[in-house]
Amino acid sequence: MTATTAAAHKHPNYMMIFWWLAILTVIELAVIFLPMAKFTIGVLLVALALGKAALVAMYFMHLRFEVRTMGLIAVTPLAIATLLVFLLLPDGFAVAHKSVPKKPAAAAPAKH
Amino acid sequence: MSQAAVHSAVEPAETPLTPESWGKLGMWIFLVGDAVGFGVLLASYGAMRATSADWPSPYEVLGINLTAFMTFLLICSSVTMVKALEWLGRGDRIRCRTFLAGTAIGGAIFVGLQAYEWSKLIHEGLHINGNPWGASLFGTSFFLVTGFHGLHVTGGVIYLLAMIRYVTNRPAPMASYNAVEITGLYWHFVDLVWIMVFTFMYLL
């Protein structure tokens with residue numbers, strides 16, 4: 001199919017997607033003030049961000065209407081970034097461990 | 001020469017992934033590469049943050065009211081972008097151009113607000129090589145990631161303005177449909193990346 005004969009794409013209900021994105025953004029802003037463990041808040045925020053990103057990719061970028069291979073290609077960067085985090089963290093923690101100042105040794109008894 | 005022969009001279013074969021056009025596949029490949037770039041930046045940021053003992057709390061230092069509004073603005077601009085494509089599909093070039101212009105204006109306001117935020121934070125002491133709140137890499141990563149994204153938005157605004165001209169000059173509305181859809185892919189990607197940047201750089 002060429003540019004001159006392109007068929008119009010299937011258009012989902014964009015306003016519904018917009019409201020979902022707006023609601024998820026408000027939930028994100030509320031989550032940071034919840035009295036919960038920082039780790040739990042972090043997991044919730046990442047899950048909400050991934051949900052919003054998925055809505056944009058699936059409906060605004062029409063990935064839902066593309067062939068499955070396109071979807072697999074599109075999620076490759078996410079897999080690479082996740083892998084990179086796990087590759088970097090051990091090295092980072094090792095450096096952090098080395099840079100923690102050692103407690104001063106117990107003062108030796110003064111010699112008189 | 002038949003019309004089909006002319007077309008085959010331009011696009012010798014359909015790509016099985018995006019039968020609409022090769023350009024769409026090209027944009028997807030570019031976006032995947034660009035996403036790897038952003039992914040590396042955010043993953044590195046996450047690793048630095050997790051292993052730093054004195055990383056400042058971003059939403060206390062940076063503030064989130066302005067950036068929450070900027071996020072909302074980009075989501076709105078994504079809606080105007082898809083509306084532009086929808087109207088073009090119905091053969092209405094005037095509404096398409098209006099929504100494209102709306103998208104470009106949304107992007108321009110976003111860049112303006114980012115410039116305001118940067119100048120405010122620099123005035124408060126956040127610099128690329130240090131800040132009064134903790135780890136010096138906080139400023140480095142903030143300016144690098146938001147700056148890289150801001151460049152993408154600026155490029156997107158220029159791209160949208162060029163597309164308004166392109167839609168105007170094409171002989172028929174549907175002749176520019178693929179080009180507008182490809183532009184939309186880029187713009188939505190910029191929105192998608194900001195969703196991740198907002199979460200990782202401001203909220204976490």
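**Entry 1: K120(B)**

I started with K120(B) and found this residue in helix α5 of chain B. The model is a predicted one, and I kept that in mind throughout. I asked whether K120(B) is buried or exposed. I counted 13 other C-beta atoms within 10 Å, so K120(B) is partly exposed, since the buried class begins at 20 and the exposed class ends at 12. I then looked up the distance to W28(B): the two residues are 92 apart in sequence and 36 Å apart in space, C-alpha to C-alpha.

**Entry 2: α4(B) and α5(B)**

I stayed with α5(B) and looked at how α4(B) packs on it. The two axes come within 8 Å and cross at roughly 165°. An angle over 145 degrees counts as roughly antiparallel, and α4(B) and α5(B) are therefore roughly antiparallel to each other. I noted the crossing of α4(B) and α5(B) as left-handed. The residues in the contact of α4(B) with α5(B) are 15 nonpolar, 6 polar and 4 charged.

**Entry 3: α2(B) and α7(B)**

I next took the pair α2(B) and α7(B), whose axes are 10 Å apart, with an angle of about 10°. Angles under 35 degrees count as roughly parallel, which makes α2(B) roughly parallel to α7(B). Which residues make the contact? From α2(B) I listed G23(B), K24(B), M27(B), W28(B), L31(B), F38(B), L42(B), Y45(B) and G46(B). From α7(B) I listed N178(B), E181(B), I182(B), L185(B), Y186(B), F189(B), V193(B), M196(B) and F200(B). I sorted the contact of α2(B) with α7(B) by class and got 13 nonpolar, 3 polar and 2 charged residues. W28(B), the far partner in the K120(B) distance, is one of the α2(B) residues in this contact.

**Entry 4: the largest nonpolar core**

I looked up the largest nonpolar core, which has 63 residues. The residues with the most contacts inside this core are L42(B), A84(B), C96(B), V180(B), V193(B) and V197(B). I checked which elements give two or more residues to the core: they are α2 of chain A together with α2 (22–51), α4 (65–89), α5 (93–124), α6 (137–169) and α7 (177–203) of chain B. α7(B) gives the most, with 20 residues. L42(B) and V193(B) are listed in the core and also in the contact of α2(B) with α7(B).

I picked A84(B) for a closer look. Leaving out residues up to four places away in sequence, A84(B) touches C96(B), F99(B), L100(B), T103(B) and V180(B).

**Entry 5: chain A**

I moved to chain A, which has 3 helices and 0 strands. From the N terminus on, its elements run α-α-α. Of the 112 residues in chain A, 12% are buried.

I stopped at H62(A), in the loop between α2 and α3 of chain A. H62(A) is not a glycine, yet has a positive phi of about 60°. I found 21 C-beta neighbours inside 10 Å, so H62(A) counts as buried.

**Entry 6: where chain A meets chain B**

How many residues does each chain bring to the contact? I read 44 from chain A and 50 from chain B. On the side of chain A that touches chain B, the elements giving two or more residues are α1 (14–31), α2 (38–60) and α3 (68–99) of chain A. α3(A) gives the most to that side, with 17 residues. By class, I entered 33 nonpolar, 9 polar and 2 charged residues for the side of chain A that touches chain B.

Terms used
Residues numbered from 1 in each chain as written. Chains lettered and ligands numbered in written order. Predicted model: local features only at pLDDT ≥ 70, side-chain atom pairs only at ≥ 80, totals over all residues. Contact = placed C-beta atoms within 7 Å. Helix = DSSP H or I, 4+ residues; strand = E, 2+ residues; numbered from the N terminus. Nonpolar A, V, L, I, M, F, W, Y, C, P; charged D, E, K, R; others polar. Core = buried A, V, L, I, M, F, W, Y, C linked by C-beta atoms within 7 Å. Axes fitted to C-alpha atoms, helices over the stretch in contact; angles between N-to-C directions. Parallel < 35°, antiparallel > 145°, perpendicular 65-115°, else oblique. Left-handed = near helix turned anticlockwise from the far one by under 90°.
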